[in-house]
Amino acid sequence: MSAAAHLAAVDVGASSGRVMVARVSPGKLELTEAHRFRNEPVRVAGTLHWDILALYRGVLDGLHAAGPVASIGVDTWAVDYGLLDATGALLGNPVHYRDGRTDGVGDRVAKQLGQERLYTTTGLQHLPFNTLYQLVAAANTPQLDMAHRLLLVPDLIAYWLTGEVGAEVTNASTTQLYDLRRRAWATDLMADAGIRSELFPPLREPGTRIGPALPALGLPGGPAVVAVGSHDTASAVVGVPAAGEHFAYISCGTWSLVGVELDAPVLSEPSRRANFTNESGVDGTFRYLRNVMGLWPLQESLRTWGTTDLAALLRQAAREPAFRSVVDPDDPAFLPPGDMPTRIADACRRTGEPVPVTRAATVRCILDSLALAHRRAVRQAQLLAGRHVDAVHVVGGGARNELLCQLTADACGLPVLAGPVEATALGNVLVQARALGIVGGDLSALRAVLRETQQIVRYEPRGAETTWRAAAQRLGWED
């Protein structure tokens, strides 16, 4: 194995992006932040877009601030894409998955193509913003008609860094246009949906060297760009410091991705009805999980209130009575941006729950409800996958939220191991480090590095399980 090296992880999430620099050597992993930048969508003529050029500028600023590095890996959120013309020029800003253009499209396409066929081919959870539905919604638009290539957001950034086109498989598997068992684009499905298969570039695996950074970018050190788990959840799962296979993970941020890691997909009818997804992971694994709304309702509530003092609100929420009000975090009413506290109050009225009257009560409602959703998904994942778990690993920003971590342990009746917060960046750089020969081994070996180098906080379950069951029943959830 090689000596120590500095590697850069470009990690762009739904609300912010950052460039992290890791110093990696055998048995050592140190991570520092080089640059952070905001990710602020822009609404133009009624359509919500990502400001992709501002994001790319933030990436370049971060890479210059990082100093000389041996390689760069890029991960972002899933499903959204940019379209290139025949010269490689971008045809407009990518549309945001929260835009309303796909309203009603998913149900229509699922009926046309068959829900069972969609699931047995792609293994994906039915979500209204999957790439398949976005492309159907965009049919006959000038941009799509002119397009020569479609690149998912991390592949688009990698293209601008290297000039090389491709589609990394962990993110390709989120499009609902990827055949999970054949490990290839689902061209028959594309044809039946009226989507041109020639839009989609060749697939590449995590650990593949994409190419050197373009000299014109002037990046110090002349780094290579390496394909990592470019869907941020794929990198986050690599960054779970688990020992053995009997664990569940919650990659908790704007979304909570709750599931288990498997060697084969689960494509059964009960799995489809439970709305579980199978996404490709690093080293041929499968992320069997359910997308839960996550901390988005809390983030939008803070934005609506115009406050950033989350710590004070969490202290107040911890003193609020448990389960006074609960809502289904996956209620479609909570998906768009906007006045979240009012929508939570409206949801409580619709379902006969007490309406939260203070900010602390609203926060407690959000966190109790999210812990209930975590409980439901962890239990269903075990049942549907036939995989017993002994602990739940919470990684990502949600690992900082002590109240949520404790509530999740209580709800699941399992120890919660919280951390690392930077699991996505850590998983990103570990795949790079292995590609460069700095570390070796399989996923177990990479995770051993995390256990040796990262801080993890343990939360033991407490309280009566019956209270959680009763709260779940108020939402109409089978327990």
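Select Leu-367 and, leaving aside its neighbours within four places in sequence, you will find it in contact (heavy atoms within 4.5 Å) with Leu-295, Leu-298, Leu-314, Asn-401, Leu-403, Leu-404 and Leu-407. This is a predicted model, in which local features need pLDDT of at least 70 and side-chain atom pairs count only at pLDDT 80 or more, while totals for chains, interfaces and linings use all residues. Residues are numbered from 1 along each chain as its sequence is written, and side-chain values use heavy atoms, with hydrogens and water left out.

Widen the selection to the largest nonpolar core, a set of buried Ala, Val, Leu, Ile, Met, Phe, Trp, Tyr and Cys residues joined through side-chain atoms within 4.5 Å, where buried means under 20% relative accessible area with a 1.4 Å probe, protein chains only. This core has 143 residues, and those that touch the most other members are Leu-63, Ile-72, Leu-132, Leu-161, Ile-195, Phe-200 and Leu-367. Helix H14 (residues 359–385) gives the core its largest share, twelve residues; helices here are DSSP runs of H or I with at least four residues, strands are runs of E with at least two, and both are numbered from the N terminus. A second, separate core of 23 residues includes Leu-7, Leu-29, Leu-443 and Val-449.

Turn next to the aromatic rings, where Phe, Tyr and Trp (its six-membered ring) pair if their centres lie within 6.5 Å, with planes under 30 degrees apart counted as stacked, over 60 as edge-to-face and the rest as tilted. The whole structure holds ten such pairs. Show Tyr-97 and Phe-129, whose ring centres are 5.0 Å apart and whose planes stand at 50°, so the pair is tilted. Tyr-97 lies in the loop between strand S7 (81–84) and helix H2 (105–113), and Phe-129 in the loop between helix H3 (115–122) and helix H4 (131–137), so the pair ties together parts that are 32 residues apart in sequence. Tyr-97 is buried at a relative accessible area of 6%, and Phe-129 is buried at 7%. Adding Trp-50, Trp-77 and Trp-255 to these two completes one aromatic cluster.

Finally, colour the open sheet of seven strands, ordered S17-S18-S16-S15-S19-S20-S21 with mixed pairing, where two strands pair if DSSP finds at least two bridges between them. At its edges, strand S17 (277–280) and strand S21 (457–459) each pair on one side only. Within the sheet, strand S15 (residues 247–252) and strand S16 (residues 256–262) run antiparallel and are joined by four bridges, with Ile-250 opposite Val-258 in S16.

Methods: Buried means under 20% relative accessible area, exposed over 50%, partly exposed in between (1.4 Å probe, protein chains only).
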